[in-house]
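The exercises below concern side-chain contacts and cross-links. Please work through each task with the coordinates open before reading its solution.

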Amino acid sequence: MALLPGLAGPVVLVAGILAAVANAHAACPIELAVYGEAQSGAEIDFTPTGTSATVTNRFRLVLDNNVVLNGIVMWTQGVARPNGALMYKCPEGDVTGEELAACTLWNGVIYTSDDEGNIGLLPAEGVKAPKMLILPDLGPLLRQSRAYGGSSFSKVPSDVFAMKGCQE
């Protein structure tokens, strides 16, 4: 029993460090969040939008073979919903709607889930990152896309991504 009081200092120190790490992870804003999908190893990394007036979130989906899809989110008018789009090898500069449609591999509402299974909508920047992301029909649409197979990506992610961490 004489050893226990001597251990109190290190135990309190370790507990404090673990609490600080957990709080830092818990307070991660969506624009710095990183999500992973276990089945394919795919990752979603959010980045700040900068000064865009219409884009509320920017992210990229990193697939196998270093294939990167660029993503944006814009909230719809009327019934407000976070409409996401994932694009692959889009032309730069002014593009037509037809050109944009041709390089868009996925488009849909991005949902979130917490630890209790409550479903919500992807928040805009400045809000705490949710625990899970749900991109409905992502896997099937990517498998049917022009980017699937060959020397491009071959592992198709499911529709659910779990928070892995926070970028510094």
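**Exercise 1.** Which handedness does the link of Cys28 and Cys166 have, given the angle about its S-S bond?

*Solution.* The model is predicted, so local features need pLDDT of at least 70 and side-chain atom pairs count only at pLDDT 80 or more, while totals for chains, interfaces and linings use all residues. Residues are numbered from 1 along each chain as its sequence is written, and side-chain values use heavy atoms, with hydrogens and water left out.

Begin with the bond: Cys28 and Cys166 form a disulfide (a pair of cysteine sulfur atoms within 2.5 Å), their sulfur atoms being 2.2 Å apart. The angle about the S-S bond is 80°, and the link is right-handed. Next, place the two ends, using helices (H or I, at least four residues) and strands (E, at least two) as DSSP runs numbered from the N terminus. Cys28 lies in the loop between helix 1 (3-26) and strand 1, and Cys166 in strand 10 (residues 160-166), 138 residues apart. Finally, compare accessibility, where buried means under 20% relative accessible area, exposed over 50% and partly exposed in between (1.4 Å probe, protein chains only). Cys28 is buried at 1%, whereas Cys166 is partly exposed at 26%.

**Exercise 2.** Describe the disulfide that joins Cys90 to Cys103, and then give the pattern that the disulfides of the chain follow.

*Solution.* The S to S distance between Cys90 and Cys103 is 1.8 Å, and the torsion about their S-S bond is about 90°, so this disulfide is right-handed. Cys90 sits in the loop between strand 5 (82-87) and helix 2 (97-103), and Cys103 belongs to helix 2, so the pair ties together parts 13 residues apart in sequence. Cys90 is partly exposed at 24% relative accessibility, while Cys103 is buried at 3%. The count comes to two disulfides, and with bonded cysteines counted along the chain their pattern is 1-4, 2-3.

**Exercise 3.** Which residues do ring pairs link into a cluster with Phe46?

*Solution.* A search of the whole structure finds three aromatic pairs (rings of Phe, Tyr and Trp, the last by its six-membered ring, with centres within 6.5 Å; planes under 30 degrees apart are stacked, over 60 edge-to-face and the rest tilted). The rings of Tyr35 and Phe46 have centres 6.0 Å apart and planes at 75°, so this pair is edge-to-face; Tyr35 is in strand 1 (residues 33-36) and Phe46 in strand 2 (residues 43-47), eleven residues apart. Phe46 and Phe59 have ring centres 5.4 Å apart and planes at 40°, so that pair is tilted, and Phe59 lies in strand 3 (residues 57-62). Ring pairs thus link Tyr35, Phe46 and Phe59 into a cluster. Both Tyr35 and Phe46 are buried, and Phe59 is buried at 4%.
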